[in-house]
Amino acid sequence: MIGLLQKIWVEVRWPVLFFSLGLFSVMSVLTALLPKILANMNQFFDKMPMIRPLLTALLGVDPGNQASAQISQAFLWVHPTVLSLIWAHEVMYCSRVPAGEVDRGTADFLLCLPLSRWEIFWAETVGWLVSGTCIILSGYAGHLLISLTIQPDMRLSVLKSMTVIVNLSAVYLAIGSFSFFVSTMSNRRGRAIGIVFTVLLASFLLNFLAQFQDWAKFISPWLSVMAYYRPAIIIQSGEFPWFDIAVLVFISGLMWLASGFVFHYRSICTV
Amino acid sequence: MQAIVITDLCRNYGSRRGISNVNLKIEEGEIFGFLGPNGSGKSTTIRVLMGLLRASSGAAAIFGKDCWNDGPTIRRDVGYVAGDVRLYPWLTIRLGLLMLSRIRGLKEMHARGLDLVERFQLEPDLPIRKMSRGNRQKVALVLALAHSPKLIVLDEPTSGLDPLMQDTLMACLRELATNGHTVMISSHTLSEVETLCDHIAIVRDGRIVEDSTVKKLRASAPRQIVITLRPDQEFESVRWPNEIKICQLPRKRGGQDSALAETSSTPTPMERTCQLELIGSSSRFITWAAAQDFADISIGAPSLEILFRRYYQSNQGDL
């Protein structure tokens with residue numbers, strides 16, 4: 001397993017570093033800009049009314065009615081750039097094995113090592129969890145660093161921040177395990193990435209449509225991952241989102257197990 | 001003990017044929033040649049052996065263990081090089097050996113690997129992306145042989161290697177076989193298999209059409225005879241014996257050499273040469289030939305080439 005982890009380290013260290021630095025920078029910039037955005041929020045809503053339902057969809061609460069200095073910190077954790085960076089990393093990472101290996105023709109080498117496919121899958125999972133932790137914590141570090149310079153009443157407590165991070169990590173697990181699942185069913189990495197991004201986009205749009213359409217509101221909890229990630233509500237209520245996290249972790253566990261079994265039992269044709 | 005036992009092995013790709021009812025037994029210490037034209041099923045058989053593909057039916061075992069269920073245990077004792085070698089672009093041999101020695105739990109693998117690096121004239125710190133195709137092939141061979149496996153499975157290993165490196169590889173494989181290691185080499189090139197292997201199987205259209213030792217095959221292979229007639233001799237005027245089969249008649253006049261033929265009344269050597277195969281008793285043929293007055297006659301060594309060509313030509317009914 002050490003040898004495999006070494007291979008993963010060599011392959012993903014630079015992308016993980018770039019994504020970590022990227023998220024660190026984005027979170028720093030967003031944290032620095034947040035006071036200015038808050039000051040002009042109502043003007044924004046008057047000028048661009050479409051922004052309001054979009055933010056409502058992302059936050060889970062209407063920002064116009066409930067905006068407070070701390071709740072607005074939730075913007076950081078649902079900002080499309082932040083989510084895109086985290087998801088791009090995991091979709092790329094989780095499609096490496098087996099789809100990526102088959103695609104570039106190295107599956108023969110990897111799968112003919114004296115390791116079971118479950119061992120390979122475990123090593124990939126370790127890499128996925130460690131890299132995700134690095135990237136999310138880098139983002140938090142960026143936010144923490146700049147938040148020292150903003151007004152004290154705008155700072156979130158560590159407990160609330162950690163709760164949001166745990167919820168975000170549960171989303172990370174769900175999307176990553178879905179990417180693993182698609183990857184184990186595919187021989188083409190591009191196709192696997194395309195499928196996952198399409199599903200993510202559809203999930204995102206569904207969450208947005210739920211603000212306007214009843215049918216979308218009805219199916220959103222079943223099909224939209226964003227329905228289980230509501231940082232504004234966490235910050236507002238201060239409660240730990242047990243149910244949301246349990247649903248995400250359950251889905252993640254199910255997908256991960258399914259991926260492992262498919263990978264274990266599948267004939268992998270490399271020609 | 002048998003290193004590989006394959007029993008009634010079938011593997012299809014959906015509705016497409018892969019291999020059907022393949023039966024093989026390879027003894028330990030043997031150098032086994034797996035021959036067949038492109039797309040005949042050699043790589044599919046090897047992929048089932050390596051646990052990449054699950055058999056549709058039948059069984060494949062290495063050292064008595066099932067290739068699909070006991071794959072990781074089996075692969076500890078196996079070195080494998082795929083037909084179309086692809087390695088990680090960032091990989092150097094030194095890093096590859098380090099990683100593999102950790103995965104295999106063999107510290108001595110690193111030193112042996114570096115010996116092979118010297119033998120195959122490779123640079124241990126050059127990444128794969130900067131190497132030529134031949135050198136990549138050599139890297140794959142070094143990584144497959146460095147742990148001194150009991151069974152070496154090579155799928156068309158000489159593709160991309162220059163003749164000197166082909167000789168080095170062959171010498172290396174012979175050494176391993178001498179020390180009791182089993183070698184399975186797949187190829188569609190007869191010459192490399194003929195000189196190296198003890199045991200050969202020929203696969204065609206997914207089925208084994210021949211499974212024999214090189215010695216037996218050579219004994220059944222025909223000798224090729226080339227006879228050049230005298231300028232005044234007609235092919236039709238010779239009474240050919242039953243011991244031979246005519247393969248190629250002398251070239252007719254007025255063909256490609258018609259310009260030359262118009263300027264000369266005597267037939268060219270090409271127009272007087274015919275190729276035959278000895279299919280009967282050699283002593284009777286020699287007695288007959290001694291009584292003939294040919295311009296030239298040559299009898300070649302038994303050629304497996306002719307035999308293999310017949311096996312390869314799937315649509316011919318003369319097997």
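Modeller: Helices (H or I, at least four residues) and strands (E, at least two) are DSSP runs, numbered from the N terminus. By that reading, B:Ser159 is found in the loop between β7 (151-155) and α6 (163-178) of chain B. This is a predicted model, in which local features need pLDDT of at least 70 and side-chain atom pairs count only at pLDDT 80 or more, while totals for chains, interfaces and linings use all residues. Residues are numbered from 1 along each chain as its sequence is written, and chains are lettered from A and ligands numbered from 1 in the order in which they are written.

Colleague: Why is B:Ser159 called partly exposed?

Modeller: A residue is buried if 20 or more other C-beta atoms, placed from the backbone, lie within 10 Å of its own, exposed if 12 or fewer do, and partly exposed in between. B:Ser159 has 16 C-beta neighbours inside 10 Å, a count that falls in the middle class, and therefore it counts as partly exposed. The C-alpha atom of B:Ser159 is separated by 38 Å from that of B:Gly280, which stands 121 residues away along the chain.

Colleague: What makes the six strands of chain B an open sheet, and in which order do they lie?

Modeller: Two strands pair if DSSP finds at least two bridges between them. The order that results in chain B is β6-β7-β8-β3-β9-β10, with mixed pairing. The sheet has edges, since β6 (78-81) and β10 (207-213) of chain B each pair on one side only. Neighbouring strands in it are turned by 15° against each other on average, direction ignored.

Colleague: How do you know that β3 and β9 of chain B pair?

Modeller: Strand β3 (residues 31-35) and strand β9 (residues 199-204) of chain B run parallel and are joined by four bridges, and because two bridges are enough under the rule, they count as a pair. Within this pairing, B:Phe32 stands opposite B:His199 in β9(B).

Colleague: How many bridges do the partners of β11 in chain B share with that strand?

Modeller: Strand β11 (residues 223-228) pairs with strand β13 (residues 273-278) of chain B in the antiparallel sense over six bridges, and B:Arg223 has B:Leu278 as its bridge partner in β13(B). With strand β14 (residues 296-302) of chain B, β11(B) has five bridges, also antiparallel, and here B:Ile225 is matched with B:Ile299.

Colleague: What lies across β3 of chain B?

Modeller: Axes are lines fitted to C-alpha atoms, for helices over the stretch in contact, and angles run from 0 to 180 degrees between N-to-C directions; residues are in contact if their C-beta atoms, placed from the backbone, lie within 7 Å. On these terms α6(B) lies across β3, β7 and β8 (182-187) of chain B, at about 145° to β8(B). Helix α11 (residues 304-312) of chain B lies across β3, β9 and β10 of chain B, at about 30° to β9(B).

Colleague: Which residues have the most contacts inside the largest nonpolar core?

Modeller: A nonpolar core is a set of buried Ala, Val, Leu, Ile, Met, Phe, Trp, Tyr and Cys residues joined through C-beta atoms within 7 Å. The largest has 140 residues, and those with the most contacts inside it are A:Val171, B:Leu49, B:Val142 and B:Val153. Helix α10 (residues 158-184) of chain A gives the largest share of this core, twelve residues. Beyond its neighbours within four places in sequence, B:Val153 is in contact with B:Ile46, B:Leu49, B:Met50, B:Val78, B:Tyr80 and B:Met184.

Colleague: How many residues of chain B are in contact with chain A?

Modeller: There are 21 of them, set against 22 residues of chain A. The elements giving two or more residues to this side of chain B are α2 (71-76) and α3 (93-104) of chain B, and the largest share, five residues, comes from α3(B).

Colleague: Why is chain A called as compact as a globular protein of its length?

Modeller: Chain A has 14 helices and zero strands. Its radius of gyration, taken over C-alpha atoms, is 20 Å, close to the 18 Å that the globule rule (2.2 Å times the number of residues to the power 0.38) gives for 271 residues, so the description holds. Of those 271 residues, 44% count as buried.

Colleague: What radius of gyration does chain B have, set against a compact globule of 319 residues?

Modeller: Chain B has 25 Å, whereas such a globule would have a value near 20 Å. Along its principal axes, the C-alpha trace of chain B spans about 75 × 45 × 40 Å, and 35% of its 319 residues count as buried.

Note on methods: Contact = placed C-beta atoms within 7 Å.
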